[in-house]
Amino acid sequence: MIHLVNSGQRSLGVTFPTDDQAKVVLWSPTAKHVAIKIYGNQSAIPLKQEALGYWRLTTNQIKPGDLYTYILDGQREFPDPTSLSQPQGVHGPSQAVNTSAFHWEDQCWVNPALDSYLLYEIHTGTFTQEGTFRALEKKLDYLKALGVNAIEIMPVAQFSDSHNWGYDGVYTYAVQSSYGGAAGLQHLINTCHHKGIAVVLDVVYNHFGPEGNYVGEFGPYLTDNYYTPWGKAINFDDAWCDGVRRYVIDNALMWFRDFHIDALRLDAIHAIKDFSPKHILQELREEVDTLMAETGRRHYLIVESDLNDPRFINPLSENGYGMDAQWIDEFHHALRVSVGEEPTGYYADFTGIGHLAKSYQDAYIYNGQFSEVRHKLFGHSAETNTGQQFIIFSQNHDQVGNRKLGERSSQLYSYETLKLMAGAVFVSPYIPMLFMGEEWGETNPFFYFVGHSDPDLVEAVRKGRKEEFASSHSDEEVPDPESDETYERAKLQWTLLEQESHQLLLRYYQTLIALRQQLPALAHLERRQLDVVADEQKETLVLHRWHEDQHVLCLMNFSDQPQSITLPEAGEAGAVWHKLLDSADPAWQPKSQSGAGSSPESVSASETIQVKPESIVVYAQHHEKSRFHVPNPISQRLYLS
């Protein structure tokens, strides 16, 4: 039996322990005979069968860059399920890669504390016109100037063609060739670390994509016991599940060890079905802890979950699964309803301001109440979980791309509302995340798009997308997910930053981020040092946060009319509140829009002030303005390069 961590290399696939030797390990418990075919060699080389369905070979006939396939039972030929490279696509041969060949220069890199993360979600293919890791690197100085210290890259596991969100990956170990492959990803991460930016990689351990999916030819990677929205579930607890569990854990360790990834974001873990005595996430936590102890590097495990179950983020010592943090969609849903989203579909469970206040306080909005959408009592209290265990956002790839027309917030809400929503996220006691382009109000949609070569699959995707929105009241056609035009229209328009309104919104985001990072009361994610009061009739919300002797008061008006807000008896008695930011200030209004003045520069407790429509005002006590350093505007050369 091969141990996962202690070898210092992947335990599966083709690896190169020395310059002149290759090790091959394949899991295929259903095969009777296995050989590896190396392109350019006259005959295939048989592998030796071992216990528990593993096959092994040590040879000097395979070199990095060689193309190869496996031949099962003398007749069926397939790419490697643990391939690191598919240069000819998902149906072509695999390519041997030596991940140790890359020269790392990040020895001094230290992964920041999770509570200091400011995340920025990126789809590599549409972030730039080129759609490559190399092009992404050219924008890192821009992201750094914005205040971002961690990027979250949507899945890069090899998928069919070059147009895909990434969740249809079929080679979990292979980096998408059109993006730049394994070496391109390593170079990107090395550069990110040089610039002080952590890298979070989105990975999919709940299903395999539909095209080029040959894992079932090698063994029972899937089970008939459970089904997910994408078909059969991955086999984590059925017959022969040990090989599948090893496949997943070895993959996670590879990203951390061989690619220096700082954190993994595990997609939709509510679709991971596992009734084993030790859940796969618990086992993953243990293996990652062992790796960190050996390497001295810190890595985080972040999950997407809609279960409102703190067991996933509770530590192993408390019989939890030990994940470090989770996405929390409920904050997003409550925020969207607060700014006018129709309470239909999954928004039907949310009432707006009241629920937004509850999310600030409790993280989970549903922690045991009856859900009208789910038709059951739902959720559990997360009272003891810290603020750094929750990641929030006003938009992300799902919440934009799963709309019929892929509209971003900039196409749904007013300019003032965009600023209010951003403020609501950045003053929270949770980790904030931006979706690429939101900081300048990108107007291009982010559609759902795929690229398949199988005509039947293409038609099935088109049909499924139309059926999903059959009850939509909009007369507009569902964009064709297979169309090149759909993909091209989803790309960011960096040239928008030459226009005043977009440039101003970017400057506003940059200032908000600096405010959050510099004010201890906002930077420390202390959920217990927080008060929030909502007035559902006026559609206003007052959020009070503090750290030691510093207090911050955030006044939010979600209505379309000016509202009177009386400041609470908060902070030090008699101390004056000094204004740090007002989104309605003329300084944050494009010249094309008339400015209507702003709130007072300083106020006292119990004083009543007028807060402009769709705006947020931030006041602070015990904080001299000189200590808040407004960052220099981002140079055009950083975003137009």
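**Strands, helices and loops in a predicted model**

Biologist: Along strand 30 (residues 608-611), which residues point to one face and are buried?

Modeller: This is a predicted model, and the side chains of strand 30 alternate along its length. Thr608 and Gln610 point to one face and are not buried. The residues that point to the other face and are buried are Ile609 and Val611.

Biologist: In strand 30, what is the bridge partner of glutamine 563?

Modeller: Strand 27 (residues 563-566) pairs with strand 30 in the antiparallel sense, over four bridges. Glutamine 563 has its bridge partner in strand 30, and that partner is valine 611.

Biologist: How many residues of strand 26 (residues 550-557) are buried?

Modeller: Gln550, Val552, Cys554 and Met556 point one way from strand 26, and all are buried. His551, Leu553, Leu555 and Asn557 point the other way, and these are buried as well. Strand 26 is thus mostly covered, and the number of its buried residues is eight of eight.

Biologist: Which residue of strand 26 stands opposite threonine 540?

Modeller: Strand 25 (residues 540-547) and strand 26 run antiparallel and are joined by eight bridges. Their hairpin has two residues between the strands, and glutamate 548 takes a positive phi near 55 degrees there. Opposite threonine 540, in strand 26, stands asparagine 557.

Biologist: In strand 31, which residue is the bridge partner of leucine 553?

Modeller: Strand 26 also pairs with strand 31 (residues 615-621), in the antiparallel sense and over seven bridges. Leucine 553 points away from strand 26 with His551, Leu555 and Asn557. Its bridge partner in strand 31 is tyrosine 619.

Biologist: At what angle do helix 8 (residues 329-338) and helix 11 (residues 415-426) pack?

Modeller: Two packed helices are described by the angle between their axes and the distance between the axes. The axes of helix 8 and helix 11 are 11 Å apart, and the crossing is right-handed. The angle is about 145 degrees.

Biologist: By class, how many residues in the contact of helix 8 with helix 11 are nonpolar?

Modeller: Helix 8 contributes Phe331, Leu335 and Arg336, while helix 11 contributes Met421, Ala424 and Val425. One residue of the contact is charged and none is polar. The number of nonpolar residues is five.

Biologist: How many residues of helix 11 are buried?

Modeller: Helix 11 reaches 17 Å from its first C-alpha to its last, close to the 16 Å expected. Its buried residues include Tyr415, Glu416, Lys419 and Phe426. Helix 11 is mostly covered, and the number buried is 12 of 12.

Biologist: Is asparagine 319 buried or exposed?

Modeller: Asparagine 319 lies in the loop between strand 18 (300-304) and strand 19 (325-327). Its phi is near 65 degrees, a positive value in a residue other than glycine. Because the relative accessibility of asparagine 319 is 65%, this residue counts as exposed.

Biologist: Why does alanine 363 count as buried?

Modeller: Alanine 363 is placed in the loop between helix 9 (353-362) and strand 20 (369-371). Although it is not a glycine, alanine 363 has a positive phi of about 70 degrees. A residue is buried under 20% relative accessible area. Alanine 363 counts as buried because its relative accessible area is 0%.

Biologist: What separates the C-alpha atoms of serine 100 and alanine 174?

Modeller: Serine 100 is in the loop between strand 9 (94-95) and strand 10 (119-122), and is exposed at 52% relative accessible area. Serine 100 and alanine 174 are 74 residues apart along the chain, and their C-alpha atoms are separated by 15 Å.

How values were computed
Residues numbered from 1 in each chain as written. Predicted model: local features only at pLDDT ≥ 70, side-chain atom pairs only at ≥ 80, totals over all residues. Heavy atoms only, no water. Buried < 20%, exposed > 50% of the residue type's maximum accessible area, 1.4 Å probe, protein only. Pairing = 2+ DSSP bridges. Axes fitted to C-alpha atoms, helices over the stretch in contact; angles between N-to-C directions. Left-handed = near helix turned anticlockwise from the far one by under 90°. Contact = heavy atoms within 4.5 Å. Nonpolar A, V, L, I, M, F, W, Y, C, P; charged D, E, K, R; others polar. Expected span 1.5 Å × (residues − 1).
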